[in-house]
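Here are my notes after a pass through the model, one point at a time. I've kept to the contacts, since that's what you'll probably want to look at.

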Number of protein chains: 4
Amino acid sequence: MSRGRIDKRRAILDAAFTVFAREGYHQACVKEIAAEAGVAKPTVYNHLGDKEGLFREAMAAAADRALAESLSAIEALTGEGDVRATLEDVGHRLLRCQGGERAWALRRLLYAEIHRVPELFDTVHGRGANRLGEALANRLARLSLGGGLRAADPDVAAGQFLALLTGPMETRSRLGTRPVAEAELRAGARAAVDTFLRAFGPVSAEGQPSGDR
Amino acid sequence: MSRGRIDKRRAILDAAFTVFAREGYHQACVKEIAAEAGVAKPTVYNHLGDKEGLFREAMAAAADRALAESLSAIEALTGEGDVRATLEDVGHRLLRCQGGERAWALRRLLYAEIHRVPELFDTVHGRGANRLGEALANRLARLSLGGGLRAADPDVAAGQFLALLTGPMETRSRLGTRPVAEAELRAGARAAVDTFLRAFGPVSAEGQPSGDR
Amino acid sequence: MSRGRIDKRRAILDAAFTVFAREGYHQACVKEIAAEAGVAKPTVYNHLGDKEGLFREAMAAAADRALAESLSAIEALTGEGDVRATLEDVGHRLLRCQGGERAWALRRLLYAEIHRVPELFDTVHGRGANRLGEALANRLARLSLGGGLRAADPDVAAGQFLALLTGPMETRSRLGTRPVAEAELRAGARAAVDTFLRAFGPVSAEGQPSGDR
Amino acid sequence: MSRGRIDKRRAILDAAFTVFAREGYHQACVKEIAAEAGVAKPTVYNHLGDKEGLFREAMAAAADRALAESLSAIEALTGEGDVRATLEDVGHRLLRCQGGERAWALRRLLYAEIHRVPELFDTVHGRGANRLGEALANRLARLSLGGGLRAADPDVAAGQFLALLTGPMETRSRLGTRPVAEAELRAGARAAVDTFLRAFGPVSAEGQPSGDR
DNA sequence: AATGAATGAGGGTTCATTCAT
DNA sequence: CATGAATGAACCCTCATTCAT
């Protein structure tokens, strides 16, 4: 059947994202993408139309992957176990997702082209941060019901959790330009969770930040 | 003397940033910048070298301006007056700075070209967010000493305050693509300050979010 | 048997001429021809070699058809009946042939590609205007012998008759770009025959143009 | 001043027509035109926009030239001198104009692209055959008044004169593909004038075709 | 015999940059 | 110094043509 066709399409999209990530949309040339995918230039056009379409699809595919990773990262956020430890673990995993090279590339490309291609926002955030935010809000809501968190608007709390987590990392990683050590990720997660729990933690947990370091 | 020369240079840089902001670095063409500045193309080259230099200088100038605005926004953050009201006011002013069209353009351009021009990070953040972060940290430290805030690492607190402030706004403004109503800015500032004070507010202020609305 | 093969070949040639007529040789793309014929691209190549051959064959087929129409149009030119009326009728029929959409397309394509493909002249005129000219000359010769026309070189007379007929129509139809009303065709035929008979008509017919209108 | 600019524009247009005449519109590539003009490709674009505009302007310029030649050819058509001799001379000159290489190229290009660029008809005929037809009609009208011709609609007579002149030549020159000997041109002009005068000549001239050869 | 997929070659157009005035 | 004009280098895209199925 057209199994091969789909595979090739996937290969081209992967190659495209790789090159777009490395060069940016305008600097990237289709020839290079084709070379990266190991096909001839017209094959790219046959499969994905013009450069614009190639870009959109590559972005969508990358966003899908990034979302899947992030969603899987917050699956550990059940009501069971120590709240602080769980949040730190989830935070750490999220930072690893969002701090990955491809995730940063996705975000940079999004910022770079959002003005020219406004739909890109939904393409990426609809499948990425927002869907992630909603999923996280759901988890936090259940945690609140279970007494693990002080009651609050779960959407706001989710947004703020993500902001506390990723915001300070932007500077640390120089916008994803510099690799961030594992320890720094951990520290970042802990700092975010500290503050988050001071604001939203259960009364009982107040004043007991994670013990060591 | 060279007064006119400097003026023309300034005019070209302004025009350049306007066009870069509108089109992005690669899409922007020197011809258009020259037209926007009201001069001929070679004049641009005489004054600022090549397109690359033009971009760097334009970014630096725009970053300087943005920093000045933000610094002036946090000047209200003295120890005097109600902490919550002051923070909300400052937060609101900051959001107006950072949410302005040129500020978003600056950020988008930074994201877009950071990979190709790494120095851009310092050019912008050295004069922008970081210097802002430090200044904010200083203010917060003095607030802590004055008892207006619970003791904490001022750098961390400053970073988190900015994150709580701007993070959730990214989605709301669709990365600066959509104008955000004044009321939304106020609400955003309040939400950030609420959480910030729950985490870092003085014990006395605990549990007393801004009364109305 | 190969009945189906021939049919498909014919279908492809028809489609080819249609597309060539619409787009011109260079603008027409094989893909479109294949689509018009309802087959896949390689099928076209299997049946007719490359684009060049496709073009030649399509032109030849179209020329054959056009010739057949024109030849049938002059069949009415027997010695019987009124000379003027007969000539006008034949002239009118010829104008309808030569003024048809496909005939104009044929001529335009001939003009367009004659320089690149000189044989095209014989392909088209050998089967078209020239063979038509000869046939017409034969008819006129018999008319002369029968006294219906003043004696003259039949080849010259035939050529001039066709020239008087079609020449002025070129401007009227804007080179086949504009449809010409039936009445205009009639008037054109009458004007041509008027002059033709003034020059070649029998002495008896002198000065008696077609009576009405 | 911009004298040089105009000169270069003229040079480019000349080169363009030369190449278009040689290759046809679609086969001609801008690179070759630029080479023929001795400039770089972008210079062509600076002066004349895209290929389409280049074509239109080149056609208009060529048509202007062709018209000037033809108009000058019929200037000899005054009432003085022998009618037959004068007409033959004018006819011969016209055939030399219309049978020239550039004139044929102009016509072929016109036929080739008329469907895609309908305005071309006016561009060429408005300045060419039609304006020529009108001018010729004027001359013939004065000839009629002077008794040199039998009275007739001058527009019709002019059109038919041109048709008798050029129509039979199309086949002889294989659509301008083959050079036509001077003697053939003379013979063509004589044949046309013979018939024309038989139809429109003064009664006195009837039956006295040009004596020798 | 017919097709989906792939490719090599080539063309129009734009742009950053440099002379000559 | 400012400018009009010129250029070399790229890049996107299309198309005629050929395999493998």
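1. First, the caveat: this is a predicted model. On to the pairing of chains B and A. There are 2 salt bridges between chain B and chain A. In one of them Asp122(A) pairs with Arg174(B), with 3.2 Å between the closest N and O atoms. On top of that, 14 residue pairs are in polar contact between chain B and chain A, counting pairs with both residues at pLDDT 80 or more.

2. Which helices of chain B do the touching? At least two residues each come from α1 (3-23), α6 (101-113), α7 (120-126), α9 (154-172) and α10 (182-200) of chain B. The largest share belongs to α9(B), which puts 8 residues into the side that touches chain A. Sorted by class, that side of chain B has 18 nonpolar, 11 polar and 10 charged residues.

3. How much area goes into this? About 3400 Å² is buried between chain B and chain A, and carbon and sulfur atoms give 61% of that. In residue terms, 39 from chain B are in contact with 36 from chain A.

4. The symmetry is easy to check if you superpose the copies. Chain B lands on chain A after a rotation of 180° with 0.1 Å of shift along the axis, at an RMSD of 0.1 Å. The two copies are thus related as by a two-fold rotation axis. Also, 92% of the interface residues of chain B are interface residues in chain A too, so the copies meet through the same surface.

5. Now the other pair, chains C and D. Here 36 residues of chain C and 37 residues of chain D make up the contact. The buried area between chain C and chain D is about 3400 Å², with 61% from carbon and sulfur atoms. Tyr111(C), Leu175(C) and Arg198(C) are worth a click: they supply 21% of the area that chain C buries against chain D, more than any other three residues.

6. For the polar side of that pair, I get 2 salt bridges between chain C and chain D. Arg174(C) and Asp122(D) form a salt bridge through their side chains, at 3.2 Å from N to O. Polar contacts come to 14 residue pairs between chain C and chain D, again with both at pLDDT 80 or more. The elements of chain C giving two or more residues are α1 (3-23), α6 (101-113), α7 (120-126), α9 (154-172) and α10 (182-200). Of these, α9(C) gives the most, with 7 residues. The class split for the chain C side is 16 nonpolar, 10 polar and 10 charged.

7. What about pairs that don't meet? Chain A and chain C do not touch, and their nearest C-alpha atoms are 13 Å apart. Chain B and chain C do not touch either, with 31 Å between the nearest C-alpha atoms.

8. Last, DNA strand F. Of the 34 residues around it, Lys41(A), Thr43(B), Tyr45(C), Pro42(D) and Thr43(D) come nearest. Lys41(A) has a side-chain N or O atom 2.5 Å from a base nitrogen of DNA strand F, while Thr43(D) has one 2.6 Å from a phosphate oxygen. Ala28(A) uses a backbone N or O atom instead, 3.3 Å from a phosphate oxygen of DNA strand F. Sugar or phosphate accounts for 59% of the strand F atoms within 4 Å of the protein, and bases for the rest. The surface near DNA strand F has 16 nonpolar, 6 polar and 12 charged residues.

Note on methods: Residues are numbered from 1 along each chain as its sequence is written. Chains are lettered from A and ligands numbered from 1 in the order in which they are written. This is a predicted model: local features need pLDDT of at least 70, side-chain atom pairs count only at pLDDT 80 or more; totals for chains, interfaces and linings use all residues. Side-chain values use heavy atoms; hydrogens and water are left out. Copies are superposed by least squares on the C-alpha atoms of residues with pLDDT of at least 70 in both. Contact means heavy atoms within 4.5 Å. Buried area is the accessible area (1.4 Å probe) that two parts lose on being put together, summed over both. A salt bridge is a side-chain nitrogen of Lys or Arg within 4 Å of a carboxyl oxygen of Asp or Glu. A polar contact is a pair of N or O atoms within 3.5 Å; within protein, one must be able to donate a hydrogen and the other to accept it, and residues adjacent in sequence count only if both atoms are side-chain atoms. Helices (H or I, at least four residues) and strands (E, at least two) are DSSP runs, numbered from the N terminus. Ala, Val, Leu, Ile, Met, Phe, Trp, Tyr, Cys and Pro count as nonpolar, Asp, Glu, Lys and Arg as charged, and the others, Gly among them, as polar. A residue is near a molecule or strand if one of its heavy atoms lies within 4 Å of it.
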